Amino acid sequence: MSLGALLLALLASHHTGLNLAEISDDAALSAKRGWLIGALSTLGNVLLAIAVGMSLLAVSLRKHLGAGRRRTSASFWLGCCSLLLLLDDAFLLHEGLFLQVFGIPEVLTQMLIGAVVIGVLMLFRQAIAGSLFFALPAVICWAISVLSDSFLDGQQLAALVIEDGFKLLGICLWLQFSFDVAQRNLRQLVGESKKI
């Protein structure tokens, strides 16, 4: 999916004359520019929002049916991680709030966000063991995206393809991971209700 979206963005870039940096621009919705500007970023935000919704829906259903507590649920904390990633990507917290208000460098902010995500994955490793097949590549893809953003020239096409391609692939893998964990939680709930 992410490769297809990236290829469509490259085709749109070639057809419209916009460069890929404009199509992946994060500030498209607030700048009142053409609809294609910021398309890749918006797609990533929509997919992260779906991941948040799936995780928190699973938590809500389990709580409504009296089968789980929110604060000890892997889905709850994964939903919180997805929300953190969504807020950072949508509002560029690492470039705006943390850098300009608190003076924390972008790389450090990204490392802190990564540490929170990895910490949650480690904390709930038994509950999500079967889904690590998607979680670990997602984290690796995000790390490659952050490193390429930090060390490559962001105006060159190759750097943009690497950064946005790995970021979008990481988001797609994270969405699959969130779906897998939520599905497992709900299957477990259905299995428990059949025993009763």
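I'll start with one residue, W142, which counts as buried at 14% relative accessibility. A word on the source before going on: this is a predicted model.

W142 has a ring partner. Its ring and that of W174 have centres 5.5 Å apart and planes at 45°, so this is a tilted pair. The two sit in separate helices: W142 is in helix 7, residues 132-151, while W174 is in helix 8, residues 157-195. They are 32 residues apart, and the pair links distant parts of the chain. W174 is buried too, with a relative accessible area of 0%. A further ring joins in, as ring pairs link W142, W174 and F177 into a cluster.

How many aromatic pairs does the whole structure have? The search finds five. One of them is F76 with W77, an edge-to-face pair with 5.1 Å from centre to centre and 80° between the planes. F76 is buried, at 15% relative accessible area. W77 is partly exposed, at 32%.

Now the overall layout. The protein has eight helices and zero strands. Along the sequence the pattern is therefore α-α-α-α-α-α-α-α. There are 196 residues, and 38% of them count as buried.

Next, the salt bridges. The structure holds two. In one, K167 pairs with D89, and the closest N and O atoms are 2.7 Å apart. Which parts of the chain does this pair tie together? K167 lies in helix 8 and D89 lies in helix 4, residues 74-91, so the bridge ties together parts that are 78 residues apart in sequence. Both K167 and D89 are buried.

K167 also comes up in another long-range relation. G44 and K167 are 123 residues apart in sequence, yet 8.1 Å apart in space, C-alpha to C-alpha. G44 lies in helix 3, residues 39-64, and is buried at 1% relative accessibility.

The other salt bridge is between R184 and D180, with the closest N and O atoms 3.4 Å apart. Here both residues lie in helix 8, four residues apart, which is about one turn of the helix. Why does that spacing suit a pair within a helix? An α-helix has 3.6 residues a turn, so residues three or four places apart point the same way. As for exposure, R184 is partly exposed, with a relative accessible area of 30%, and D180 counts as buried at 18%.

Last, helix 6. The helix has 18 residues, which at 1.5 Å a residue should span 26 Å, and its end C-alpha atoms are indeed 26 Å apart. Which of its residues are buried? They are T109, Q110, I113, V117, V120 and L121. Seen down the axis of helix 6, these buried residues fall within an arc of 120°, so they line one face. On the other side of helix 6, M111 and L123 are exposed.

M111 also belongs to a nonpolar surface patch of about 370 Å², made together with V107, L108 and L112. V107 is in helix 6, residues 106-123, and counts as partly exposed at 41% relative accessibility.

To recap: W142, W174 and F177 form a ring cluster, a salt bridge joins K167 and D89, and the buried residues of helix 6 line one face of the helix. That is all I have.

Key:
Residues are numbered from 1 along each chain as its sequence is written. This is a predicted model: local features need pLDDT of at least 70, side-chain atom pairs count only at pLDDT 80 or more; totals for chains, interfaces and linings use all residues. Side-chain values use heavy atoms; hydrogens and water are left out. Rings of Phe, Tyr and Trp (its six-membered ring) pair if their centres lie within 6.5 Å; planes under 30 degrees apart count as stacked, over 60 as edge-to-face and the rest as tilted. Buried means under 20% relative accessible area, exposed over 50%, partly exposed in between (1.4 Å probe, protein chains only). Patches are made of residues with over 30% relative accessible area and no salt bridge: like charges are joined within 9 Å, nonpolar side chains (Val, Leu, Ile, Met, Phe, Trp, Tyr) within 5 Å. Accessible areas come from the Shrake-Rupley method with a 1.4 Å probe; for residues, only the protein chains shown count as cover. A salt bridge is a side-chain nitrogen of Lys or Arg within 4 Å of a carboxyl oxygen of Asp or Glu. The expected span of a helix is 1.5 Å times one less than its number of residues. The arc is that of the directions from the helix axis to the C-beta atoms.
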